[in-house]
Amino acid sequence: MGAILQVDQVYKYFGGVKANENISMTVTQGSITGLIGPNGSGKTTLFNSIVGTHPIDKGSIKFEDKEVSALPVPAVAKLGLLRTFQQTRIYGKLNCIDNMRISAKPSRDNLFSVFSAIPNELNDKAEHLLSFVGLYQKRKLRAGDLSFGQQKLLELAMALMNEPKMLLLDEPTAGINPTLINGIINRLIKVNEEFGITLLVIEHNMRVIMSLAQHIFCLAHGQLIANGKPEQIKKDQRVIDAYLGVQ
Amino acid sequence: MNQKAILYLALLAFGIAVPFMFPAYKLQISIMWILVVLSLTWDVQGGQMGYNTFGNIMFFGLGMYICSSFQIGIFFPLAEWTASGGEKTFIHTPTQFFQGFFIGIIFAGIIPALVAAIIGYGILGLRGHYFAICTLGLAIAAGELAGGIELVGAGQGMTSPPWPKNIGDTELRSEFFYYICFVLMISTFLFLRWAYTTRFGLVLNAIRDNEDKAEAMGINTMRYKISGWVVSAFFVGIAGGLMGNMIGYIEPVETAFAGRTFGVFMVVMAILGGKGTLWGPVIGAIAFHIFKEGFWTFFLGWQYVALGALIVIVVIFFPEGIMGWLREKYPDRFGEVIDEEDRKAQVELK
Ligand SMILES: Nc1ncnc2c1ncn2[C@@H]1O[C@H](COP(=O)(O)OP(=O)(O)O)[C@@H](O)[C@H]1O
Ligand SMILES: [Mg+2]
């Protein structure tokens with residue numbers, strides 16, 4: 001399988017803060033890849049760089065061999081590269097179904113489709129995906145009234161509604177009741193296997209990422225310090241040191 | 001569904017019958033319909049999209065000036081009209097009057113819409129308070145600017161073409177404008193009612209709730225924000241054109257770019273009725289107009305204090321407006337229900 005995402009020597013500084021320094025990584029098409037590292041190590045910054053939230057200082061980011069580092073956020077999303085947010089983002093005053101309906105890719109997308117009708121078929125698809133994440137019964141509630149964990153699930157369902165090729169998930173289990181975490185892991189595996197979506201997952205919980213990812217990259221202090229299979233990463237002294245806070 | 005149809009028909013019948021039922025209040029109720037238009041269109045930005053704007057009054061003034069300028073300018077030299085106070089030297093024949101009015105109203109919609117597209121492209125990238133303050137500045141500047149243009153009478157203002165004397169009395173005049181106002185209000189309402197069912201409506205709400213998320217999901221938000229402002233400017237511009245004709249006299253800061261009155265009213269009405277709902281701005285405008293007309297005279301000299309107090313009361317006690325308060329009270333009436341029976345597709349989270 002070829003690479004779907006290639007990050008090549010990417011630098012991102014915030015003033016004096018070296019959030020990302022010389023990061024290179026490749027994500028294989030169809031894989032589940034992990035991105036780990038202590039708090040503040042630059043994981044979210046790298047996601048932001050990939051999807052175009054901010055311009056990078058140096059380097060190249062290619063999605064399906066197309067340079068995307070200079071594209072604005074919506075343009076990257078339209079290519080099929082979507083992200084979810086660490087601080088979950090949903091449309092709080094809209095109900096779940098509407099959150100889903102507005103997340104689908106429109107069949108036409110130009111100035112004249114601004115006032116286009118939203119096809120009815122989307123309702124079925126929305127309901128199907130909401131039941132996939134276990135929110136079917138809540139579909140008519142305002143998204144803002146859901147619990148934090150349910151909002152995370154809704155955000156996942158919204159991403160699926162868009163039929164992306166690749167999903168960047170920023171800490172999908174953070175702040176979620178531990179009893180629900182296995183449910184999320186199972187769903188992510190299904191998303192990958194059945195929907196065929198490549199996943200790049202930021203995860204703080206080592207147990208989760210070990211059971212999910214086939215390949216893991218580890219950041220510390222803005223730099224890539226290790227990458228390899230989960231078993232290798234688990235034993236890697238630099239990773240252990242980074243997580244224990246040793247320089 | 002049937003209940004709704006009856007409601008709509010009753011309102012329509014009421015609107016049509018007003019000139020016969022309350023002949024003395026024709027002008028007042030015409031202005032009420034204009035207020036509904038201002039409130040509904042303000043809500044496109046302020047409510048549905050979550051962008052507070054103080055700039056929509058710009059389009060009102062622009063429409064007012066443009067309408068009258070066309071009405072006059074296509075038949076007579078505009079500069080001489082404004083210099084001489086108009087009607088003394090030039091008189092529209094009935095045909096000229098109605099042709100001019102028709103053309104004026106069309107441009108009163110189109111030109112503000114174009115202006116909204118251009119300005120919107122420049123400033124709709126601003127978020128939150130920055131956008132609000134920027135629109136406030138633009139609205140004030142627009143009034144000053146109009147006050148400096150000799151062609152439209154500068155600070156003195158200008159008259160709009162008077163009703164042709166030979167085709168009927170002032171009763172006919174106010175009936176004519178009444179129905180045009182009513183049709184404008186219905187058109188605005190129906191257009192928005194439809195637009196909110198399309199992608200447009202959902203995207204505006206998505207922008208309101210989380211614009212970064214909308215962009216991250218691939219939505220070109222700028223396109224929708226500009227479209228929304230163009231729609232508002234179009235209807236507000238026409239409302240301005242009508243208002244100028246009804247008052248008969250256009251003054252740059254008091255009637256046209258009237259930020260202190262209509263500019264504030266449109267915000268208050270939408271909030272009073274319930275931001276971000278279809279009916280809220282309608283109910284808010286009607287309630288506000290009745291309050292204003294009913295009580296204005298009791299507050300001689302204190303009207304603006306009373307208005308200020310009303311704003312404070314609404315913002316503190318009914319931040320979500322009348323509709324929001326109803327929704328809070330009867331959520332199920334607004335379709336917010338947990339589906340208990342329909343478990344067929346439910347997959348339990350294990
Ligand atoms: N927009 C920003 N402006 C300034 N500094 C930032 C910004 N975003 C992140 N940082 C800094 O960059 C570093 C990496 O942050 P982040 O990427 O959020 O880490 P992680 O997601 O790995 O916890 C931190 O020191 C953080 O304070
Ligand atoms: Mg982070």
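A residue is buried under 20% relative accessible area and exposed over 50%, and partly exposed in between. Gln86(A) has a relative accessible area of 26%, so Gln86(A) is partly exposed. This is a predicted model. Gln86(A) is one of the protein donors of the magnesium ion (ligand 2). The points below cover that metal site, a sheet in chain A and the salt bridges.

**Magnesium site**

- Thr44(A) and Gln86(A) are the protein donors of the magnesium ion (ligand 2). Thr44(A) gives OG1 and Gln86(A) gives OE1, at 2.0 to 2.2 Å from the ion.
- The two donors link distant parts of chain A, 42 residues apart. Thr44(A) sits in helix α1 (residues 43-51), and Gln86(A) sits in the loop between β6 (81-83) and α3 (96-101).
- Thr44(A) has 25% relative accessibility, so Thr44(A) counts as partly exposed.

**Sheet in chain A**

- Four strands of chain A make an open sheet, ordered β2-β1-β4-β5. The pairing is antiparallel.
- The edges are β2 (17-28) and β5 (66-67) of chain A, and each pairs on one side only.
- Strands β1(A) and β2(A) are joined antiparallel by eight bridges. Within this pair, Lys12(A) has Asn20(A) in β2(A) as its bridge partner.
- β1(A) and β2(A) also form a hairpin, with two residues between the strands. Gly15(A), in the turn, has a positive phi of about 60°.
- Strand β1 (residues 3-14) runs antiparallel to strand β4 (residues 58-63) in chain A, with five bridges between them. Val7(A) has Ile61(A) in β4(A) as its bridge partner.
- Two bridges pair β4(A) with β5(A), again in the antiparallel sense. Here Phe63(A) stands opposite Lys66(A) in β5(A).
- The hairpin of β4(A) and β5(A) has two residues between the strands. Glu64(A) in this hairpin takes a positive phi near 50°.

**Salt bridge between chains**

- Arg89(A) forms a salt bridge with Asp212(B), and the closest N and O atoms are 3.3 Å apart. Arg89(A) lies in the loop between β6 and α3 of chain A, and Asp212(B) lies in helix α8 (residues 199-216) of chain B, so the pair joins two chains.
- Arg89(A) has 23% relative accessibility, so Arg89(A) counts as partly exposed. Asp212(B) has a relative accessible area of 32%, so Asp212(B) is also partly exposed.
- Arg89(A) and Asp212(B) belong to a network of salt bridges that also links Arg127(B), Glu211(B) and Lys225(B).

**Salt bridges within chain A**

- Asp98(A) and Arg101(A) form a salt bridge, at 3.1 Å from N to O. Both residues lie in helix α3 of chain A, three residues apart, about one turn of the helix.
- Asp98(A) and Arg101(A) are both buried.
- Asp236(A) and Arg238(A) form a salt bridge, at 2.9 Å from N to O.
- Asp236(A) has a relative accessible area of 17%, so Asp236(A) is buried. Arg238(A) has a relative accessible area of 48%, so Arg238(A) is partly exposed.

**Total**

- Over all chains, the count comes to 15 salt bridges. Among them are Arg89(A) with Asp212(B), Asp98(A) with Arg101(A) and Asp236(A) with Arg238(A).

Notes: Residues numbered from 1 in each chain as written. Chains lettered and ligands numbered in written order. Predicted model: local features only at pLDDT ≥ 70, side-chain atom pairs only at ≥ 80, totals over all residues. Heavy atoms only, no water. Donors = N, O, S within 2.8 Å, 3.2 Å for Na, K, Ca; no water. Buried < 20%, exposed > 50% of the residue type's maximum accessible area, 1.4 Å probe, protein only. Pairing = 2+ DSSP bridges. Salt bridge = Lys/Arg side-chain N within 4 Å of Asp/Glu carboxyl O.
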